[in-house]
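Work through the exercises below with the sequence and the model at hand. Each task is followed by a solution in steps.

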Amino acid sequence: MSINNHDIRPLCLSGRGVTKVFGIGDKKTVAVDHVDFDFREGELVSIVGESGSGKTTLAKMLLGLISVTEGEIFYQGKPRDIRSRKKKKEYWKNIQAIFQDPFSSFNVFTKIDTVLLDCIHMRGGKHLPKEKKVEMMAEACSFVNLKYEEMTNKYPFELSGGQMQRLMIARIFLLKPKILLADEPTSMIDACSRATILDMLMNLRNEIGMTIIFITHDIGLAYYISDSVYIMEKGKIVESGTADEVILNSKADYTKRLISDVPKIYEEWDLSTV
Amino acid sequence: MGKKILEVKDLTTKYITRFREDVYAVDHVSLSIVEGKSLGIAGESGCGKSTLALSLMGYYFPPLHYTSGDIIIDGQNISKMDPDTIRKNILGTEIAYIPQSAMNALNPTQKIIRFIEDVVHAHNPKVSKKDIYDMAKKRFEELGLPSNVLGKHAVELSGGMKQRTVIAISTILSPKVLIADEPSSALDVTSQKMVIKMLRNLMDKGYIKSMIFITHELPLLYNVTDDIMVMYAGQIVEKGTAKEMVFDPIHPYSKGLMGSIIVPEEGTRDVKLTAIPGTPPNLKKPPSGCRFAERCKYATNECKLSAVELKDFGNGRSYRCLIEVEKLREVYKNEH
């Protein structure tokens with residue numbers, strides 16, 4: 001397991017021996033098996049694996065939605081403490097997530113204005129004048145190429161999938177968390193809108209210096225977007241390193257298989273390997 | 001040239017909304033497939049790909065309505081048949097469909113073999129269950145699926161396995177045309193490859209004579225189909241063979257689609273992805289001129305004035321744009 005110690009950027013989120021076991025006795029499933037990782041501040045990391053490899057379980061543990069069976073997660077170098085509800089809320093101010101399905105990410109009863117206003121209030125902007133709040137909302141909308149005038153007084157279900165996912169990023173822009181966890185944010189979106197979403201994630205990182213953890217099964221996407229890549233197979237991390245190292249000079253057989261299974265354009269696609 | 005299996009002439013279908021507005025989701029589409037060939041349809045969400053698939057099957061249930069045009073499958077015009085005849089005589093034997101969410105298409109309370117019995121009995125009630133089981137077992141083994149799947153319930157299968165089972169069930173009667181509507185979009189790369197291998201297998205063994213493959217993943221289409229058709233706002237904007245469409249796209253929209261491809265190869269990180277700005281037009285009030293003009297970098301005022309016709313430019317290729325082919329090629333060359 002190679003962990004890059006030469007990077008001088010401070011550690012943001014790291015884990016040692018993180019394990020999650022579901023069930024007991026005969027029905028025991030080890031979803032995540034003694035995983036070590038180091039995510040540094042302002043880094044764009046991808047976690048790649050097939051369905052059932054434990055990426056989403058790891059994401060849920062990072063978010064603090066489910067408990068860790070064994071091992072420890074460190075936040076900014078110190079062991080993460082989210083035992084009480086108050087501390088958990090404090091932690092969630094620093095970590096936010098975008099999920100796969102934009103349609104089920106929003107409360108259908110609240111208007112888009114309310115969604116965005118809530119974000120401003122969470123950042124302590126409750127006492128700001130109304131004009132300032134509108135200005136902030138318009139800025140967030142223009143960051144994700146949406147028009148604020150078209151968004152007011154609408155409900156989330158009146159938007160298309162791509163627009164909803166962009167609205168989700170506008171929320172993140174207002175909340176400015178330290179870490180953003182994006183769990184397959186583009187898998188339900190068609191290829192043309194995908195490029196826009198990826199660009200916005202990169203802008204978030206470049207402009208705000210957010211640490212982004214990008215979870216995907218598409219190794220091509222991971223290569224395009226990230227600084228470093230972690231490959232997961234059956235709950236274990238089989239390979240990690242910078243994107244160029246892992247994709248262009250991959251050592252693990254699993255990584256090689258993942259790469260060869262992506263349909264290519266410039267070379268023959270070998271169907272006999274499955 | 002082989003025999004034409006499927007021929008569609010000027011097919012137009014519309015949705016009628018609650019407010020009595022007409023939305024023409026498929027607008028004067030013509031296509032034909034020769035025996036043993038496959039056709040890919042690409043385009044972004046909401047461009048009418050799935051509606052075209054439903055229309056081809058004669059699946060006209062409100063709010064979808066048939067307007068005009070002909071669908072000829074192996075010499076039989078199905079466009080004016082009533083839904084009952086289509087269900088009894090056409091679906092399953094002439095044309096079969098794999099829906100987008102095939103993963104959820106299986107009833108969780110029934111074993112897989114029951115679905116196959118249902119399909120066979122709908123067309124020929126006299127076949128015995130024993131015969132059906134033997135036939136299904138043989139077919140499953142030939143397609144590389146374990147035959148014990150037949151005795152299982154849907155919940156016992158993984159996503160990729162479910163998808164392959166649905167494909168095997170829908171092609172059990174050896175249809176002439178198979179329409180696959182995004183069969184692999186929800187799967188990871190390895191399961192996707194298995195699905196593609198199975199579809200190829202079906203074609204090679206002659207169980208299906210031709211295939212229409214709908215997806216928004218262009219690298220996949222390039223590897224699976226012989227021809228590619230790009231749709232935009234209910235219309236075909238460009239047609240050609242897979243190779244021509246990927247390496248020499250002419251229409252600015254096809255060019256934009258090709259720009260959004262990502263593959264894990266050297267050099268991917270140096271090229272910036274080019275997204276097409278804006279959103280597709282509202283089909284309740286389609287623009288009078290070229291439908292892509294609003295989002296096109298090369299559009300002039302002339303483009304917005306009158307509708308653009310699909311033009312042939314040799315070798316069976318056609319495109320829908322006012323700008324000359326050579327001029328567009330020149331422009332793309334200079335951009336690189």
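**Exercise 1. A covered strand**

Determine how strand S8 (residues 210-214) of chain B is covered, and which way its residues point.

Solution. The model is predicted. Five of the five residues of S8(B) are buried, and the strand is mostly covered. Next, sort the residues by direction: B:Ser210, B:Ile212 and B:Ile214 point one way, while B:Met211 and B:Phe213 point the other way. Both groups are buried.

**Exercise 2. The partners of that strand**

Which strands of chain B pair with S8(B), and in what sense?

Solution. Take strand S3 (residues 38-42) of chain B: S3 pairs with S8(B) over four bridges, in the parallel sense. Within this pair, B:Phe213 in S8(B) has B:Gly40 opposite. Now take strand S7 (residues 177-181) of chain B, which runs parallel to S8(B) and is joined to S8(B) by five bridges. Here B:Asp181 is opposite B:Ile214 in S8(B). The connection from S7(B) to S8(B) passes through helix H6 (residues 189-204) of chain B, a right-handed β-α-β crossover.

**Exercise 3. The antiparallel sheet**

Establish the strand order of the open sheet of four strands in chain B, and locate the helix H1 that lies across S1, S2 and S4.

Solution. The order is S2-S1-S4-S5 (chain B), with antiparallel pairing. Strand S2 (22-34) and strand S5 (76-77) of chain B are the edge strands, as each pairs on one side only. Inside the sheet, strand S1 (residues 4-16) and strand S4 (residues 64-73) of chain B run antiparallel and share eight bridges. B:Glu7 has B:Ile72 in S4(B) as its bridge partner. Helix H1 (residues 49-56) of chain B lies across S1, S2 and S4 of chain B, at about 65 degrees to S2(B).

**Exercise 4. The core and the interface**

Identify the residues of the largest nonpolar core that touch the most other members, then describe the side of chain A that touches chain B.

Solution. The core has 162 residues, and A:Ile213 and B:Ile179 touch the most other members. Beyond four places in sequence, the contacts of A:Ile213 include A:Phe39, A:Val45, A:Ile47 and A:Leu62.

For the interface, count by chain: 29 residues come from chain A and 33 residues from chain B. On the side of chain A, helix H7 (191-208), helix H8 (219-225), helix H9 (243-248) and helix H10 (253-260) each give two or more residues. H7(A) gives the most, with seven residues. By type, the residues on this side of chain A are 18 nonpolar, five polar and six charged.

**Exercise 5. A residue after the last of these helices**

Why is A:Val262 classed as buried, and which residues does A:Val262 touch?

Solution. A:Val262 lies in the segment after H10 of chain A. The residue is buried because 21 other C-beta atoms lie within 10 Å, and the cut-off is 20 or more. Leaving out residues up to four places away in sequence, A:Val262 touches A:Ile219 and A:Gly220, and from chain B it touches B:Val189, B:Val263 and B:Pro264. A:Gly220 is 42 residues from A:Val262 in sequence, with 7.9 Å between the C-alpha atoms.

**Exercise 6. Backbone exceptions**

Locate the cis peptide bond between B:Pro62 and B:Pro63, and place B:Asp10, which has a positive phi.

Solution. Most residues other than glycine have a negative phi, and most peptide bonds are trans. The bond from B:Pro62 to B:Pro63 is cis, with omega near 5 degrees. B:Pro63 is in the loop between H1 and S4 of chain B. B:Asp10 has phi near 50 degrees and sits in strand S1 of chain B. B:Asp10 counts as exposed, with 12 C-beta neighbours inside 10 Å.

Methods:
Residues numbered from 1 in each chain as written. Chains lettered and ligands numbered in written order. Predicted model: local features only at pLDDT ≥ 70, side-chain atom pairs only at ≥ 80, totals over all residues. Pairing = 2+ DSSP bridges. Right-handed = clockwise from strand over helix to strand, strands pointing away. Contact = placed C-beta atoms within 7 Å. Axes fitted to C-alpha atoms, helices over the stretch in contact; angles between N-to-C directions. Core = buried A, V, L, I, M, F, W, Y, C linked by C-beta atoms within 7 Å. Nonpolar A, V, L, I, M, F, W, Y, C, P; charged D, E, K, R; others polar.
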